[in-house]
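This report goes through one protein model from its overall surface to single residues. The sequence and the structure come next.

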Amino acid sequence: MLLALTLAAALVSNDAAVRSAREEFNAAVVRKDAEAIGRLLAPGYHIVTGRSDQSHGASVERERWAARFAADPTVDYRRATREVRVNEAWGLAEETGDWTGSYAAAGSRARASGTYAAKWQKAAD
């Protein structure tokens, strides 16, 4: 599966900043903290999921995570960065990696996994 998105990070000028922001996102999912997820997303955030579902806007995505956490408190997703390519001149970075997820479905535990790609954009100061 491919995940494409735009996230905001205070400093997307190096590999470590992207990896740190990704870990913040993962930790927010573990805590079921939709507000923290929303703060990590750029206002113009856009996602295309592996099933081609699309969502646009940080507030919409924050609400989607909140609804998911409320509907299934066992839901868990983790993205593991494999590679980050930074274009410092343009304030952009591309992250690729693997994701895993688990959630309740039809009374049992479902698991899913795939690959993702994320575009990071340096936040305006």
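The accessible surface of the protein comes to about 6,900 Å², and carbon and sulfur atoms hold 53% of that area. The model is predicted, not determined by experiment. Of the 125 residues of the protein, 42% count as buried.

**Overall layout**

Three helices and six strands make up the secondary structure of the protein. Read from the N terminus, the order of the elements is β-α-α-β-β-α-β-β-β. Among contacts in the protein with a separation of 6 or more, 58% are between residues 24 or more positions apart.

**Helix H1**

Helix H1 covers residues 15-31, which is 17 residues. From its first C-alpha to its last, H1 reaches 25 Å, close to the 24 Å expected at 1.5 Å a residue. At the start of the helix, a side-chain oxygen of Asn-14 comes to within 3.0 Å of the backbone nitrogen of Ala-16.

The buried residues of H1 are Ala-17, Val-18, Ala-21, Arg-22, Phe-25, Asn-26, Ala-28 and Val-29. One of them, Asn-26, deserves a separate look. Is Asn-26 in helix H1 buried or exposed? Its relative accessible area is 2%, under the 20% cut-off, so Asn-26 counts as buried. Not counting residues up to four places away in sequence, Asn-26 touches Tyr-77, Arg-78 and Arg-79.

**The nonpolar core**

Which residues have the most contacts inside the largest nonpolar core? They are Phe-25, Val-29, Ile-37, Trp-65, Phe-69 and Tyr-77, in a core of 26 residues. At least two residues of this core come from each of H1, helix H2 (34-40), helix H3 (58-71), strand S4 (76-87), strand S5 (92-105) and strand S6 (108-122).

Ile-37 gives a view of the packing at one position. With neighbours within four places in sequence left aside, Ile-37 is in contact with Phe-25, Ala-28, Val-29, Trp-65 and Phe-69.

**Glu-61 in helix H3**

Glu-61 is found in helix H3. At 4% relative accessibility, Glu-61 falls under the 20% cut-off and therefore counts as buried. Which residues does Glu-61 contact, leaving aside its neighbours within four places in sequence? They are Leu-41, Tyr-45, Ile-47 and Ser-55. Leu-41 lies 20 residues from Glu-61 along the chain, and the C-alpha atoms of the two are separated by 8.6 Å.

**Strands S4, S5 and S6**

S4 and S5 run antiparallel and are joined by eleven bridges. Two positions show how these strands are paired. Arg-85 has Glu-94 in S5 as its bridge partner, and Val-86 has Ala-93 in S5. The hairpin of S4 and S5 has four residues between the strands, and Gly-91 in this hairpin takes a positive phi near 65°.

S5 and S6 also run antiparallel, with 14 bridges between them. Glu-94 recurs here, as it stands opposite Lys-119 in S6. Two residues lie between S5 and S6 in their hairpin, and Ala-106 is in the turn.

**Residues with positive phi**

Two residues that are not glycine take a positive phi: Lys-32 and Ala-106. The table sets out their backbone angle and location.

| Residue | Phi | Place |
|---|---|---|
| Lys-32 | about 60° | loop between H1 and H2 |
| Ala-106 | about 50° | loop between S5 and S6 |

Lys-32 comes just after H1. How exposed is Lys-32? With a relative accessible area of 29%, Lys-32 lies between the 20% and 50% cut-offs, so it is partly exposed. Ala-106 has a relative accessible area of 87%, over the 50% cut-off, and is therefore exposed.

**Reading the residues together**

Polar or charged side chains can be followed through several of the parts above. In H1, Asn-26 is buried and touches Tyr-77, and Tyr-77 is among the residues with the most contacts inside the largest nonpolar core. In H3, Glu-61 is buried, and its contacts include Leu-41 and Ile-47. In the strands, Glu-94 is the bridge partner of Arg-85 and stands opposite Lys-119.

Terms used
Residues are numbered from 1 along each chain as its sequence is written. This is a predicted model: local features need pLDDT of at least 70, side-chain atom pairs count only at pLDDT 80 or more; totals for chains, interfaces and linings use all residues. Side-chain values use heavy atoms; hydrogens and water are left out. The expected span of a helix is 1.5 Å times one less than its number of residues. Buried means under 20% relative accessible area, exposed over 50%, partly exposed in between (1.4 Å probe, protein chains only). A polar contact is a pair of N or O atoms within 3.5 Å; within protein, one must be able to donate a hydrogen and the other to accept it, and residues adjacent in sequence count only if both atoms are side-chain atoms. A nonpolar core is a set of buried Ala, Val, Leu, Ile, Met, Phe, Trp, Tyr and Cys residues joined through side-chain atoms within 4.5 Å. Contact means heavy atoms within 4.5 Å. Two strands pair if DSSP finds at least two bridges between them. Accessible areas come from the Shrake-Rupley method with a 1.4 Å probe; for residues, only the protein chains shown count as cover.
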